2 protein chains.
Amino acid sequence: MEDALTLLRRFGIQPTPQRIAVVEYVLNTAAHPAADEVLENVRRKCPTVSRATVYNTLNLLVEKRLIRSQVLREGTTVFDPSIEKHHHFVDDESGRIVDIPWKALKVIGQENLRGFEVREYQVIVRGRRRKTR
Amino acid sequence: MEDALTLLRRFGIQPTPQRIAVVEYVLNTAAHPAADEVLENVRRKCPTVSRATVYNTLNLLVEKRLIRSQVLREGTTVFDPSIEKHHHFVDDESGRIVDIPWKALKVIGQENLRGFEVREYQVIVRGRRRKTR
DNA sequence: GTTCGTGCAAACGGTTTGCAACAAT
DNA sequence: ATTGTTGCAAACCGTTTGCACGAAC
């Protein structure tokens, strides 16, 4: 696992303690956190970070393609450390978001949608996480 | 085409001029409007409508399953008069949303996602509308 | 006359921005 | 010296809410 410092350098982002803390959190969680969840968790390590810095950093990371922002939750943007193509499951009750591996689902037909230049697509599945198993 | 008044009655919603105006607009547009776009358009017919009434009405229509709200645009909820299952195309540049008929795409594999009870799923396609044809 | 709907304005929650202090180069 | 980064507070934008007035049963 590449450390946050060299990762930031590799992406041409000046590494600061705040940015390192954000990257360390956001790249090591499977939760798809909103900005405020990132803030909350980053403050555990780095209690002085401001909300603005977290927002700025997250936007910067998105811009530099280190993470992606996703429109999955009503009212808030969530951030996704997974850069590779994948689908999403959204839990109806908790709103929790789980990655679905790309090969778990296959979409047929998008290649002959006339009139559209497809840049990307994903399946969004909603429902409940099963209690059993 | 059923008129707005009887439609509202059929869904157990007390018909008022404002609600009729909202329904008439939102059920006859292919654009997937945000609340403010609804407000703007409804005001052409009914210039006194308030923002609150539009929001209240839209939420009521969603609750009564006359329309659906969709999380497709960053920062705002859009409303979709199409109740049947379908997919969505989102234009990268304009943000414009277009319905993709259910049968145009086929998703394979969602039935054997272990650990999830699937309530619904849809494909979200992003890209550009092609200029040609 | 009680219930329901409306319009206004204030409140709210997530996000962005302006700015002054402060590194880093 | 210049440029970039931070933290704070204010601004912003979409949405919800409290409330008084008015309409409908």
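## DNA strand C

A side-chain N or O atom of B:Arg19 is placed 2.9 Å from a phosphate oxygen of DNA strand C in this predicted model. A second phosphate contact comes from B:Thr16, whose polar side-chain atom is 2.5 Å from a phosphate oxygen of the strand. Chain A contributes through its backbone: a polar backbone atom of A:Thr77 lies 3.1 Å from a phosphate oxygen of DNA strand C. The elements that give two or more residues to the surface near this strand are helix H3 (35–45), helix H4 (51–63) and strand E2 (76–80) of chain A, together with helix H2 (17–26) and helix H4 (51–63) of chain B. Helices and strands are DSSP runs (H or I, at least four residues; E, at least two) numbered from the N terminus. H4(A) gives the most to this surface, with five residues.

In total, 19 residues surround DNA strand C, and the closest are A:Tyr55, B:Thr16, B:Gln18, B:Arg19 and B:Thr53. Of the atoms of DNA strand C that come within 4 Å of the protein, 82% belong to sugar and phosphate. A residue is taken as near a strand if one of its heavy atoms lies within 4 Å of it. The surface near DNA strand C is made up of five nonpolar, 11 polar and three charged residues. In this division Ala, Val, Leu, Ile, Met, Phe, Trp, Tyr, Cys and Pro count as nonpolar, Asp, Glu, Lys and Arg as charged, and the others, Gly among them, as polar.

## DNA strand D

DNA strand D is surrounded by 18 residues, the closest being A:Thr16, A:Gln18, A:Arg19, A:Thr53 and B:Tyr55. Sugar or phosphate supplies 81% of the atoms of DNA strand D within 4 Å of the protein, and bases supply the rest. The surface near this strand comprises five nonpolar, 11 polar and two charged residues.

Three side chains illustrate the phosphate contacts. A polar side-chain atom of A:Thr16 is 2.5 Å from a phosphate oxygen of DNA strand D, and an N or O atom in the side chain of A:Arg19 is 2.7 Å from a phosphate oxygen of the strand. From chain B, a side-chain N or O atom of B:Thr76 lies 3.3 Å from a phosphate oxygen of DNA strand D. Two or more residues of the surface near DNA strand D come from each of helix H2 (17–26) and H4 of chain A, and H4 and strand E2 (76–80) of chain B. H4(B) gives the most, with five residues.

## Interface between chains A and B

Contact, defined by heavy atoms within 4.5 Å, links 36 residues of chain A with 36 residues of chain B. The area buried between the chains is about 3400 Å², of which carbon and sulfur atoms give 55%; buried area is the accessible area (1.4 Å probe) that two parts lose on being put together, summed over both.

There are eight salt bridges between chain A and chain B, a salt bridge being a side-chain nitrogen of Lys or Arg within 4 Å of a carboxyl oxygen of Asp or Glu. The side chains of B:Glu120 and A:Arg126 form a salt bridge, at 3.9 Å from N to O. The chains also share 18 residue pairs in polar contact, with both residues at pLDDT 80 or more. A polar contact is a pair of N or O atoms within 3.5 Å; within protein, one must be able to donate a hydrogen and the other to accept it, and residues adjacent in sequence count only if both atoms are side-chain atoms.

On the side of chain A that touches chain B, strand E1 (68–73), strand E4 (97–101), strand E5 (106–108) and strand E6 (116–129) each supply at least two residues. E6(A) gives the most, with 14 residues. By class, this side has 16 nonpolar, seven polar and 13 charged residues.

## Strand pairing and chain A

E5(A) and strand E5 (residues 106–108) of chain B run antiparallel and are joined by three bridges. Strands pair if DSSP finds at least two bridges between them. Within this pairing, B:Lys106 is the bridge partner of A:Ile108.

Chain A contains four helices and six strands, in the order α-α-α-α-β-β-β-β-β-β along the sequence. Strand E3 (residues 86–91) of chain A pairs with E4(A) in the antiparallel sense over five bridges, and A:His86 stands opposite A:Pro101. E3(A) and E4(A) form a hairpin with five residues between them, where A:Gly95 in the turn has a positive phi of about 75°. The C-alpha atoms of chain A fill a box of roughly 50 × 35 × 30 Å along the principal axes.

## Conventions

Residues are numbered from 1 along each chain as its sequence is written, while chains are lettered from A and ligands numbered from 1 in the order in which they are written. Local features of the predicted model need pLDDT of at least 70, side-chain atom pairs count only at pLDDT 80 or more, and totals for chains, interfaces and linings use all residues, with side-chain values using heavy atoms and leaving out hydrogens and water.
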